[in-house]
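Subject: Structure handover and notes

Dear colleague,

I am passing on the structure we spoke about, together with some notes on it. Please open it alongside this message as you read.

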Amino acid sequence: MILTDTHTHLYSEAFDEDRNEMMQRAIAAGVQRFFVPAIDSSCTEAMYALEKAYPQEVFLMSGLHPTYVKENYQEELSHVAEQLEARKFYAVGEIGIDLYWDKTFLKQQQEAFRIQIQWAKKYKLPIVIHCRDAFDEVFEVLESEKGPDLFGIFHCFTGTLEQAKQAISYNMKLGIGGVVTFKNGKIDQFLEQISITHIVLETDAPYLSPTPYRGKRNESSYVVRVLERLSEIYQIPETEVAEITTQNSVAVFGV
């Protein structure tokens with residue numbers, strides 16, 4: 001059984017004390033593919049080191065996370081552009097709009113999101129979307145950029161059934177993680193109405209740990225808890241959920 005964690009920040013300082021052990025736990029649990037999103041330029045070297053240590057398992061993205069869109073966002077975008085030009089990546093991400101913490105840079109977030117979508121199209125890459133308290137704003141940009149060359153993953157999807165259908169209409173898979181195991185997570189109440197062909201697994205480690213690890217550091221091996229919950233929701237064996245969601249990830253990332 002091959003599991004794919006489509007969104008995990010393996011380079012995070014949260015893993016500095018036991019990164020190799022954490023990776024071995026995940027691999028032992030069946031996770032053979034780890035897709036690693038960028039945040040800003042400060043994580044680039046750590047991401048490359050991670051790829052060097054696990055060249056068969058780790059697949060990198062490049063992008064500027066919306067909460068890191070600040071006064072220097074144009075410099076950060078230039079860094080992303082340089083990276084995309086210089087080498088192979090598997091997605092542009094994570095990118096999007098986040099209005100949960102701060103609305104000060106909304107205009108700049110929208111601009112950065114749009115520019116990075118256009119770079120993804122240029123390099124024929126998927127996008128990986130971060131959206132928090134900003135569904136309308138994200139959909140507005142996607143609507144203006146929609147087309148056969150727009151595709152990717154709506155990471156950490158926590159919206160409604162209607163928002164799920166709208167995201168899928170833009171050629172997005174839904175990244176489902178620990179939230180699906182929460183008692184108040186809500187998405188578990190309608191997910192069976194969405195075909196599993198639109199679903200990929202993720203952890204967002206070290207954040208958003210699934211039950212029963214909620215409140216503790218998340219890690220990629222915990223994607224098994226997400227797998228178990230989706231098996232219950234869709235009433236199909238865990239091996240089938242693993243196979244379908246991994247194939248879905250292959251369809252997005254091309255590997």
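The notes below begin with the overall fold and then turn to particular residues.

Please keep in mind that this is a predicted model, and that what follows was computed from its atoms. The secondary structure of the protein consists of eight helices and eight strands. Its radius of gyration is 17 Å, close to the 18 Å that the globule rule gives for 255 residues, so the protein is as compact as a globular protein of that length. The C-alpha trace spans about 45 × 40 × 30 Å along its principal axes, and buried residues make up 56% of the 255 residues. Of the contacts with a separation of 6 or more, 73% are between residues 24 or more positions apart.

As for the surface, the protein exposes about 11,400 Å², of which carbon and sulfur atoms supply 49%. There are 24 positive and 37 negative side chains, and the centres of these two sets lie 2 Å apart.

You may want to know about the cysteines: how many disulfides does the structure hold? The count is zero. C43 is in no disulfide, since the nearest cysteine sulfur, that of C156, is 18 Å away, whereas a disulfide requires the two sulfur atoms to be within 2.5 Å. C156 is likewise in no disulfide, and the nearest cysteine sulfur to its own, that of C131, is 9.8 Å away. As to their surroundings, C43 is buried, with a relative accessible area of 6%, and C156 also counts as buried, at 18% relative accessibility, because the cut-off for that term is under 20%.

C43 also appears among the neighbours of A38, a residue that touches Y11, C43, M47, M61, S62, G63, G93 and E94, leaving aside residues up to four places away in sequence. A38 lies in the loop between β2 (31-36) and α2 (44-53), and, at 5% relative accessibility, A38 counts as buried although it sits in a loop. The C-alpha atoms of A38 and D5, which are 33 residues apart along the chain, are separated by 15 Å.

Another residue to look at is Q83, which lies in helix α3 (residues 73-86) and counts as buried at 13% relative accessibility. With residues up to four places away in sequence again left out, Q83 touches T44, Y48, S62 and F89. S62 is thus a contact of both Q83 and A38.

With best wishes

Key: Residues are numbered from 1 along each chain as its sequence is written. This is a predicted model: local features need pLDDT of at least 70, side-chain atom pairs count only at pLDDT 80 or more; totals for chains, interfaces and linings use all residues. Side-chain values use heavy atoms; hydrogens and water are left out. Buried means under 20% relative accessible area, exposed over 50%, partly exposed in between (1.4 Å probe, protein chains only). Helices (H or I, at least four residues) and strands (E, at least two) are DSSP runs, numbered from the N terminus. Contact means heavy atoms within 4.5 Å. The radius of gyration is taken over C-alpha atoms; the globule rule is 2.2 Å times the number of residues to the power 0.38. Accessible areas come from the Shrake-Rupley method with a 1.4 Å probe; for residues, only the protein chains shown count as cover. Lys and Arg count as positive and Asp and Glu as negative; His and the chain ends are not counted. The place of a charge is taken as NZ of Lys, CZ of Arg, CG of Asp or CD of Glu.
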